[in-house]
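Me: I'd like to go through this model with you, one question at a time. Can we start with what the terms mean and then get to the residues?

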Amino acid sequence: MTRVLVVGETLVDVVRRAEEAPVELPGGSAANAAVALARLGVEVSLATALGRDRRGALLRQHLDSEGVAWAVDPLVLDRTAVAEAEIDDRGTATYRFDLAWRLSPDVAGLGDEGAEPPDALLVSSLAPVLDPGAAQVVDLVTRLGRRCPVVYDVNARPAITGAGPGLWEAVRTMAALADVVKASDEDLGVLLPSAGPVEAARTLLQAGAGAVALTLGEDGSAWVDLDGVVELGAPPVEVVDTIGAGDTYGAGLLAGLLREGLLRPGERGHRWPRAGLLAALDLAGRAAAVTVSRAGADPPTLSEVEG
C-alpha cells in the first residue's frame, strides 16, 4: 500500500443548525484528509496535536477506528482544539475557532536522513501558517521534501491567521516547497483578492509551486501548471453541508495522482500528462461530491466513489 504522511490540525467540530441542538463531531482539515485517504485505501499516518481531555479521547478513538496511524505522540496541548460550525440554509459552513497549534519535538525526527520517507507528504491548512507549530512544519517539509513529493492544501482560515501580508508570505513559503498546491477560489480570494483564481494560481507557480489544483464550487475544478489549464466540471449533487468537502477533495486528488504515477520524488517541474490528471481530478471531484451529500466530514470509501 502507498504510505502518506499528513501534517496538520485535528479538532472537534461543534455543528450548529437552525432549531437543532449542537452536535460534536470529529474534524480538522488534516484529520479529515487522513480519514479520507484511509477510506480510499491509502496507508496513512498523521502528525497532529491533541489535549489530554474528553475531546482528545474522542478524536483518538475516531482516528484509531479509521486505521490512521500516529506519526508522533499527539498529546501536546493543554486542551483539544474546537471549531464551531454554523450551517446555513444552503449547507455552507461558517467557522469560529478555539485552538492552538504545535507539534511534539519528535516530529523533527521524521525528516532525518536515516528515516524512511513516505511516498507523499500532505501538509494541510493551519500547519505551516500558525505559530509556534508553523516553524516545525516548515523545517520538516524543507528536509523531507527533498526525498518525497509534497502536496499543500491551503485551506485559508483568516478568522485565526488574519488575511494580510503575513499570511500570504507564509503560504508562499510553503507553496515554494510543494509539488502540488490545492486551493479553493475562496482561499485565493483571501490571499490575493484583486486576482481571479487562475491568475492567483499562476502567482503561486511563480512562487515555486510545481502545479496548482483549484476547486471552484459548482463550477468544478481546474489544474494550472506551466503547460496551461485543465478544467473539469463538478458532478451533480444535492448539498447537505460542505464540512470536510475540501479536505476530501485534497485527499482524493493525492490518491489519484499517486494511482496515476504522477507524483515522483526529486522531479519538480516535470510535465503532467493530461489523461492522468483528468483521472485524478475526477476521483477527487467524485469523492468530494459524496462528502457534501451527507452531514459532517464523512468522506467516502473507494467502493462508494467507484460504484
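Reply: Sure. Buried means under 20% relative accessible area, exposed means over 50%, and partly exposed is what falls in between. Keep in mind that this is a predicted model.

Me: So is Arg96 buried, exposed or partly exposed?

Reply: The cut-offs to hold it against are 20% and 50%. Arg96 has a relative accessible area of 45%, so it counts as partly exposed.

Me: Which residue does Arg96 form a salt bridge with?

Reply: The closest N and O atoms of the pair are 2.8 Å apart, and the partner of Arg96 is Glu84. The two sit twelve residues apart in the chain, with Arg96 in strand 9 and the partner in strand 8, namely Glu84.

Me: Which other salt bridge does Glu84 make, and how many residues apart are the two partners?

Reply: The side chain of Glu84 also meets that of Arg16, at 3.2 Å from N to O. Glu84 belongs to strand 8 (residues 82-87) and Arg16 to strand 2 (residues 11-17), so to speak distant parts of the chain. Arg16 is partly exposed at 27% relative accessibility, and Glu84 is too, with 24%. Along the chain, the pair is separated by 68 residues.

Me: What is the N to O distance between Glu66 and Arg39, and which network do they join?

Reply: Their side chains meet in a salt bridge at 2.6 Å. Glu66 lies in the loop between helix 2 (54-65) and strand 6 (69-70) while Arg39 is in helix 1 (residues 29-39), so the bridge ties together parts 27 residues apart in sequence. Salt bridges with shared partners make one network of Arg39, Glu66, Arg294, Asp298 and Glu304.

Me: How many salt bridges are there in the whole structure?

Reply: The ones above are among them. A search of the whole structure gives 20.

Me: Now helix 3. Why does its length agree with what's expected?

Reply: Helix 3 has twelve residues, 133-144, and at 1.5 Å a residue they should span 16 Å. The C-alpha atoms at its ends are indeed separated by 16 Å.

Me: What do the buried residues of helix 3 pack against?

Reply: The buried set is Gly133, Ala134, Val137, Leu140, Val141, Arg143 and Leu144. An α-helix has 3.6 residues a turn, so residues three or four places apart point the same way. The packing partners of the buried residues are strand 1, strand 10 (120-124), strand 11 (150-153) and helix 5 (165-175).

Me: Which element gives the most to the lining of the largest pocket?

Reply: That pocket holds about 1400 Å³ of space, and 43 residues line it. Glu186, Gly217, Thr242, Ala245 and Gly246 lie nearest its centre. By class the lining has 21 nonpolar, 13 polar and nine charged residues. The top contributor, with five residues, is helix 9.

Me: And how much space lies in the second largest pocket?

Reply: Its lining divides into ten nonpolar, one polar and three charged residues. Strand 1 (3-7) and strand 4 (43-47) each supply at least two of them. The space in the second largest pocket is about 220 Å³.

Me: Last one: which residues does Ala234 touch, beyond its neighbours within four places in sequence?

Reply: Ala234 sits in the loop between strand 15 (228-232) and helix 8 (245-259). With a relative accessible area of 36%, Ala234 is partly exposed. Its contacts outside that sequence window are Gly217, Glu218, Asp219 and Gly220.

Methods. Residues are numbered from 1 along each chain as its sequence is written. This is a predicted model: local features need pLDDT of at least 70, side-chain atom pairs count only at pLDDT 80 or more; totals for chains, interfaces and linings use all residues. Side-chain values use heavy atoms; hydrogens and water are left out. Helices (H or I, at least four residues) and strands (E, at least two) are DSSP runs, numbered from the N terminus. Buried means under 20% relative accessible area, exposed over 50%, partly exposed in between (1.4 Å probe, protein chains only). Contact means heavy atoms within 4.5 Å. On a 1 Å grid over the protein atoms alone, a cavity is a set of points where a 1.4 Å probe fits but cannot get out, and a pocket is an open set with protein on both sides within 12 Å along at least five of seven lines; lining residues have an atom within 4 Å of a point. Grid points are joined across faces, edges and corners, and a volume is the space filled by probe spheres set on the points. Ala, Val, Leu, Ile, Met, Phe, Trp, Tyr, Cys and Pro count as nonpolar, Asp, Glu, Lys and Arg as charged, and the others, Gly among them, as polar. The expected span of a helix is 1.5 Å times one less than its number of residues. A salt bridge is a side-chain nitrogen of Lys or Arg within 4 Å of a carboxyl oxygen of Asp or Glu.
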